[in-house]
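Q: Could you take a close look at one part of this protein with me? I would like a pair of helices first, and then the surroundings.

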Amino acid sequence: MPASSIAPAKCDRLVMKVQCSRNSRCLVANRSSKLFFRALLRHGGVVKEFGTREAIVNELADECGLSKVQRSAYLETTYRKQNRLKKSKLWHRLLFRAADSLAKQNLVTRPTETRLLTQERQWMLTERGFDQALALCNIPAREKENLPTKSYEVQKIVNKLLAASVPENYSPFDTKKRLMSTNVEFVLRTRGFRQAVIEAYAHRCAVCGLKIQSPNLITWEVQAAHIVPNGLRGRDDVCNGIALCRLHHWAFDVGWFTLLDDYKLEVSPKIDGVPAHFGKIEKFQFLRSLAKKRGHIHLPPRREIYPHRNAITWHRQNVFSL
Ligand SMILES: [Zn+2]
């Protein structure tokens, strides 16, 4: 920051005097935005406002390698026209400026705006911001469809899906559904479905409970499975979905198991014909372990978004029994 001077204060804190100029604001924002984007990806597209006791403030300081003294440094800003001096925590101020600069470019939404969707004061990626974050973190753009990262636009769809009331005579088919499209609305809807299902099941497999992230904390192993498949125009509704790990997703799609109306598993009788060395992970009998499962699967906290009886009946009759 060329417009700043650093001088040790009488107390053990460092006081940085920064002139409030356009240049210093730009420099601060540029240096912090990459860090901020990375944090947004790690936290699924949202981070809390930079309040005094928020963990994100320390997490970002750790990543920057800030010392204790730097973390507690104060910023004195002089507003010459108003003859006013404002004192604030320097680190909080830098973070706010970086985020605010991104908000001005429509790359994130401000906490006041995000709160309308999530009821929490958070900075949230927009679709444009998501693209930039991926580029900065060297993640291929095609991965975007598989990441459970929130964006403001997708979160709007998630809220709609979670709030939708489903009738008793629900049809899990959308006869007008297009199966392939690059249309923005289609792409966002698909991501909204995946995110709503995975969140509803708290990022874990409904069958085995597996919950695990990538080492960089950006992706989850769990997938959102359609009960009536997408390829047969199954609806992108939470009640036509179930969160499954990759192995159980495959086993469900090919009919190794299905769900009963009380959400217990039923395993295909064909399991008895499987060679003894098939379906094993070391000594763990993957397929036969399903048959031993007692009790219902892990379900979302709200009954209204459980898999719909009409969807699981269709799966039993059309996938499982074949
Ligand atoms: Zn599983």
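Are helices α2 and α4 roughly parallel or roughly perpendicular to each other?

A: Happy to take a look, keeping in mind that this is a predicted model. Helix α2 covers residues 55-64 and helix α4 covers residues 90-104. Their axes come within 11 Å and cross at roughly 90 degrees. Angles of 65 to 115 degrees count as roughly perpendicular, and α2 and α4 are therefore roughly perpendicular to each other.

Now to the residues at this crossing. From α2, the residues Val57, Leu60 and Ala61 take part, and they meet Trp91, His92 and Leu95 of α4. Sorted by class, this contact has five nonpolar residues and one polar residue, with no charged residues.

With that pair described, here is what else the protein holds. There are eleven helices and 13 strands in it. Of its 322 residues, 33% are buried. Among contacts with a separation of 6 or more, 65% are between residues 24 or more positions apart.

One further helix rewards a look, namely α6, which spans residues 127-136. Gly129, Phe130, Ala133 and Leu134 are buried there. Seen down the axis of α6, these buried residues fall within an arc of 140 degrees, so they line one face of the helix. After α6 comes asparagine 138, with a positive phi near 60 degrees.

The strands can be taken in two groups. In one, three strands form an open sheet in the order β3-β7-β6, with antiparallel pairing. Its edge strands are β3 (46-48) and β6 (108-109), each of which pairs on one side only. Strand β7 takes in residues 122-125, and three bridges join β3 to it. Across this antiparallel pair, lysine 48 stands opposite glutamine 122 of β7.

The other group is the pair of β8 (residues 223-226) and β9, which run antiparallel and are joined by four bridges. Here histidine 226 stands opposite glycine 241 of β9. Strand β9, residues 241-244, is covered on both faces. On one side Gly241 and Ala243 are buried, and on the other side Ile242 and Leu244 are buried as well. Gly241 is thus worth finding in the view, as a buried residue of β9 that also stands opposite histidine 226.

To return to where you began, the picture of α2 and α4 is one of axes that cross at roughly 90 degrees, with Trp91, His92 and Leu95 of α4 meeting Val57, Leu60 and Ala61 of α2.

How values were computed. Residues numbered from 1 in each chain as written. Predicted model: local features only at pLDDT ≥ 70, side-chain atom pairs only at ≥ 80, totals over all residues. Buried ≥ 20, exposed ≤ 12 C-beta atoms within 10 Å, placed from the backbone. Contact = placed C-beta atoms within 7 Å. Pairing = 2+ DSSP bridges. Arc of directions from axis to C-beta. Axes fitted to C-alpha atoms, helices over the stretch in contact; angles between N-to-C directions. Parallel < 35°, antiparallel > 145°, perpendicular 65-115°, else oblique. Nonpolar A, V, L, I, M, F, W, Y, C, P; charged D, E, K, R; others polar.
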